[in-house]
Amino acid sequence: VAMTPFSREPLSLTTELFDVLVIGGGINGAAVAWDTAMRGLKTVLVERADFGGAASAGCFKIAHGGLRYLQHCDIARLKESVEEQRLLRRSAPHLIHPLPFLIPCYGWGMKSKAALRFALSFYEKLVKDRNHGVDSYHILGRHQVLSPEQCLKIAPALDVRGLSGGVVYYDCQMSNCERLTLSVVLSACAAGAKACNYLEAVRFVKSEAPNAREQIDSVIVRDRLDQREFRIRAKVVVNAGGPWTKVVRSLAYEQGDSRKDEFLRSIVHSKGIQLVSRQFVKG
């Protein structure tokens, strides 16, 4: 990736009319900036803190192949996930690595070893091209069915009561998702985009042109390093705020507008749980 320095000079931002202004420097905002820049659009990306330093850094660090969507029969989304995973393995093999998962099986029915073996066999038929064009050390192998004894050899801390065996399947892990996000930002810069962190969007300016229908004309941003505020003009503004999407949208309301407070009160975040434990797998 070409190392292009990030622009921090306000004059380079205020004197131009950009085609696209992207708010939010996580992986989605960075990818939008890269895509639009490669299409020849004049693009600027602003982020209020570190690139990829919030939700993109707090993810599960798994580039999954969509297995979770099989239980809902969402085949289209499953195949989309596999294709995205394959592209990552091809374009960033130094940051994406195969990772085996052990799933212990207990009892009968949907949680049994037979049911899981059938599901994974069906999954692998659906994604038979997931290794196409991938280097040999990035090949994802077929699932393996294990006996209870083999499972306990790998993970001695498993509950042995009712353990009927297990299945190992292969997915991918992002060893350093912050580095992946930064690589995408730098690629966007190499394609001609301007990217600035520690620039916070604080207010939308609506067009005064007739029949504009409250179209956003520009965005007032604040440099969080020296507290200067200035204006960036753009034909299109992309809200890539992630969990803060509604906070960004609320900038369309003036301070003190009751609609702004009501809008912010409507924000409901989803919750995720990550557990960190001592090592219990031999290796």
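Select Gln85 in this predicted model; the residue belongs to helix α3, which spans residues 75–91. Gln85 has a relative accessible area of 2% and is therefore buried. To see what surrounds Gln85, display Ala63, His64, Gly65, Leu140, Asp171 and Cys172, which are its contacts once neighbours within four places in sequence are set aside.

**From α3 towards β3**

Next, select Leu95, in the loop that links α3 to β3 (96–106). Is Leu95 buried or exposed? Its relative accessibility is 2%, so Leu95 counts as buried. Now add Cys177 to the selection: it is 82 residues away from Leu95 along the chain, yet the two C-alpha atoms are separated by 7.7 Å. Beyond four places in sequence, Leu95 makes contact with Gln173, Met174, Ser175, Asn176, Arg179, Leu180 and Ser183. Helix α6 comprises residues 177–190, and this helix returns later in the tour.

**An exposed loop position**

Move to Arg142, which sits in the loop between α4 (113–126) and β4 (144–146). With a relative accessibility of 57%, Arg142 counts as exposed. Which residues does Arg142 touch, not counting those up to four places away in sequence? They are Glu124 and Tyr170. For a distance label, choose the C-alpha atoms of Arg142 and Leu120: the residues are 22 apart in sequence and 8.7 Å apart in space.

**The α2–α6 pair**

Select residues 27–38 for helix α2 and residues 177–190 for helix α6. Two packed helices are described by the angle between their axes and by the distance between those axes. Here the angle is about 25 degrees and the axes lie 8 Å apart. The two helices α2 and α6 are therefore roughly parallel to each other, the cut-off for that description being an angle under 35 degrees. Their crossing is left-handed.

To view the contact itself, show the side chains on both helices. From α2, the contributing residues are Ile27, Ala30, Ala31, Ala33, Trp34 and Ala37; from α6, they are Thr181, Val184, Val185, Ser187 and Ala188. How many of the contact residues are nonpolar, polar or charged? There are 9 nonpolar and 2 polar residues, and no charged ones.

**The largest nonpolar core**

Turn to the largest nonpolar core, which has 17 residues. Begin with the members that touch the most other members: Leu13, Leu21, Ile23, Val44, Val46, Val219 and Ile232. Colouring by element shows where the core draws its residues: β1 (17–23), β2 (43–47), β7 (199–206), β8 (216–223) and β9 (229–239) each give two or more.

A second, separate core has 14 residues, including Val20, Ala33, Val185 and Ala240. Ala33 and Val185 have already appeared in the contact between α2 and α6.

Return to the largest core and centre on Val219. With neighbours within four places in sequence left aside, its contacts are Leu21, Ile23, Ala201, Arg203, Phe204, Phe230, Arg231, Ile232 and Val237.

**Along strand β8**

Now select Ile220, which also lies in strand β8. Its relative accessibility is 10%, so Ile220 counts as buried. The C-alpha atoms of Ile220 and Val202 are 5.8 Å apart, with the two positions 18 residues apart in sequence numbering. Outside its neighbours within four places, Ile220 is in contact with Glu200, Ala201, Val202, Arg203, Val205, Glu229, Phe230 and Arg231.

**Two loop residues with positive phi**

Select Tyr198, in the loop between β6 (194–197) and β7. What is phi at Tyr198? The angle is near 60 degrees, a positive value in a residue other than glycine. At 26% relative accessibility, Tyr198 counts as partly exposed. Then go to Gln227, in the loop between β8 and β9. Phi of Gln227 is near 70 degrees, again positive in a residue other than glycine.

**The whole chain**

Finally, zoom out to the full model. Its secondary structure comprises 8 helices and 9 strands. Of the 283 residues in the protein, 36% are buried. Among contacts with a separation of 6 or more, 67% join residues 24 or more positions apart.

Notes. Residues are numbered from 1 along each chain as its sequence is written. This is a predicted model: local features need pLDDT of at least 70, side-chain atom pairs count only at pLDDT 80 or more; totals for chains, interfaces and linings use all residues. Side-chain values use heavy atoms; hydrogens and water are left out. A nonpolar core is a set of buried Ala, Val, Leu, Ile, Met, Phe, Trp, Tyr and Cys residues joined through side-chain atoms within 4.5 Å. Buried means under 20% relative accessible area, exposed over 50%, partly exposed in between (1.4 Å probe, protein chains only). Helices (H or I, at least four residues) and strands (E, at least two) are DSSP runs, numbered from the N terminus. Contact means heavy atoms within 4.5 Å. Axes are lines fitted to C-alpha atoms, for helices over the stretch in contact, and angles run from 0 to 180 degrees between N-to-C directions. Angles under 35 degrees count as roughly parallel, over 145 as roughly antiparallel, 65 to 115 as roughly perpendicular and the rest as oblique. A crossing is left-handed if the near helix is turned anticlockwise from the far one by less than a right angle, and right-handed if clockwise. Ala, Val, Leu, Ile, Met, Phe, Trp, Tyr, Cys and Pro count as nonpolar, Asp, Glu, Lys and Arg as charged, and the others, Gly among them, as polar.
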